[in-house]
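Me: I have a structure to go through, and I would like to know what stands behind each label. Could you walk me through the reasoning?

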Amino acid sequence: MREKRVDNRLLCAELVELVWQPELGRERRSIANLEDISLSGACVQLEIEIKPGTPIAVNYGDGELVGTVRYCIYRELGYFLGIELSESSRWSSQHYKPQHLLDPRELVEQAVL
């Protein structure tokens, strides 16, 4: 899959709660692992499939990010969802900083030194 993000992607590992409502169903909730995050999007891993185009909320601590599922791909360990955050719900490390957060650019800079 071609990278479409323009914002810097930060790798992370933290459990979050996803909340969504399938087209013809009642509200669903599931725990997912936050894999990466940027100003305008996030990738999470979970055990069930969620249809692209589904509105979704990512709940963390006492906050929430809202967006839309853009892709859902099954890989060996489960489903990976790409979530595009809405304009009114941009991520900021000032509001939410996952416990394990890594900027891959720092690894490249360290390797060059």
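Reply: Happy to; below, each label is set against the cut-off behind it.

Me: Before the details, what kind of model is this, and what elements does the chain have?

Reply: This is a predicted model. The chain has 1 helix and 7 strands, in the order β-β-β-β-β-β-β-α from the N terminus. Of its 113 residues, 39% are buried. The exposed surface comes to about 7,600 Å², and carbon and sulfur atoms supply 50% of that area.

Me: What makes arginine 29 and glutamate 17 a salt bridge?

Reply: The N to O distance between their side chains is 3.1 Å. A salt bridge needs a side-chain nitrogen of Lys or Arg within 4 Å of a carboxyl oxygen of Asp or Glu, so the label applies. The two residues are 12 apart, with arginine 29 in strand β2 (residues 28-37) and glutamate 17 in strand β1 (residues 10-20). Glu17 and Arg29 also belong to a salt-bridge network that includes Glu27.

Me: How do you know whether arginine 29 is buried, partly exposed or exposed?

Reply: Its relative accessibility is 48%. Buried is under 20% and exposed is over 50%, so arginine 29 falls in between and counts as partly exposed. Glutamate 17, at 24%, is also over the buried limit and under the exposed one, so it counts as partly exposed.

Me: What makes the pair of arginine 70 and glutamate 84 a salt bridge, and where do the two residues lie?

Reply: Here the N to O distance is 2.6 Å. That is within the 4 Å limit, so this pair is a salt bridge. Arginine 70 lies in strand β5 (residues 63-75) and glutamate 84 in strand β6 (residues 78-85), so the bridge ties together parts 14 residues apart in sequence. Arginine 70 has a relative accessible area of 46% and is partly exposed; glutamate 84 is partly exposed too, at 40%.

Me: Why is glutamate 87 called exposed?

Reply: Its relative accessible area is 67%. The cut-off for exposed is over 50%, so glutamate 87 meets it. Its salt-bridge partner is arginine 90, with the closest N and O atoms 2.7 Å apart. Arginine 90 is partly exposed, at 30%. A search of the whole structure finds 6 salt bridges.

Me: How do you know how many disulfides the structure holds?

Reply: The structure holds 0 disulfides. For cysteine 12, the nearest cysteine sulfur is that of cysteine 43, 9.1 Å away. A disulfide needs the sulfur atoms within 2.5 Å, so these two are too far apart for a bond. Both cysteines have values under the 20% limit, so both are buried: cysteine 12 is at 8% and cysteine 43 is at 6%.

Me: Why are β4 and β5 said to pair?

Reply: Strand β4 (residues 55-60) and β5 share 6 bridges in the antiparallel sense. Pairing takes at least two bridges, so the two strands qualify. One of the contacts is between asparagine 59 and its bridge partner in β5, glutamate 64. The two strands form a hairpin with 2 residues between them, and glycine 61 in the turn has a positive phi of about 40°.

Me: How do you know that β5 and β6 pair?

Reply: The same test gives the answer: 8 bridges in the antiparallel sense, against a requirement of at least two, so they pair. In β6, isoleucine 83 is the bridge partner of valine 69. A hairpin of 2 residues joins β5 to β6.

Me: What makes the aromatic pair of tyrosine 60 and tyrosine 96 stacked?

Reply: The ring centres are 3.9 Å apart, with 20° between the planes. Centres within 6.5 Å count as a pair and planes under 30 degrees apart count as stacked, so both conditions are met. Tyrosine 60 lies in strand β4 and tyrosine 96 in the loop between β6 and β7 (100-102), so the pair ties together parts 36 residues apart in sequence. Both tyrosines are buried.

Me: And why is the pair of tyrosine 74 and tyrosine 79 called edge-to-face?

Reply: Their centres are 5.0 Å apart, with 65° between the planes. An angle over 60 degrees counts as edge-to-face, so that is the label. Tyrosine 74 is exposed, with a relative accessible area of 52%.

Methods. Residues are numbered from 1 along each chain as its sequence is written. This is a predicted model: local features need pLDDT of at least 70, side-chain atom pairs count only at pLDDT 80 or more; totals for chains, interfaces and linings use all residues. Side-chain values use heavy atoms; hydrogens and water are left out. Helices (H or I, at least four residues) and strands (E, at least two) are DSSP runs, numbered from the N terminus. Buried means under 20% relative accessible area, exposed over 50%, partly exposed in between (1.4 Å probe, protein chains only). Accessible areas come from the Shrake-Rupley method with a 1.4 Å probe; for residues, only the protein chains shown count as cover. Rings of Phe, Tyr and Trp (its six-membered ring) pair if their centres lie within 6.5 Å; planes under 30 degrees apart count as stacked, over 60 as edge-to-face and the rest as tilted.
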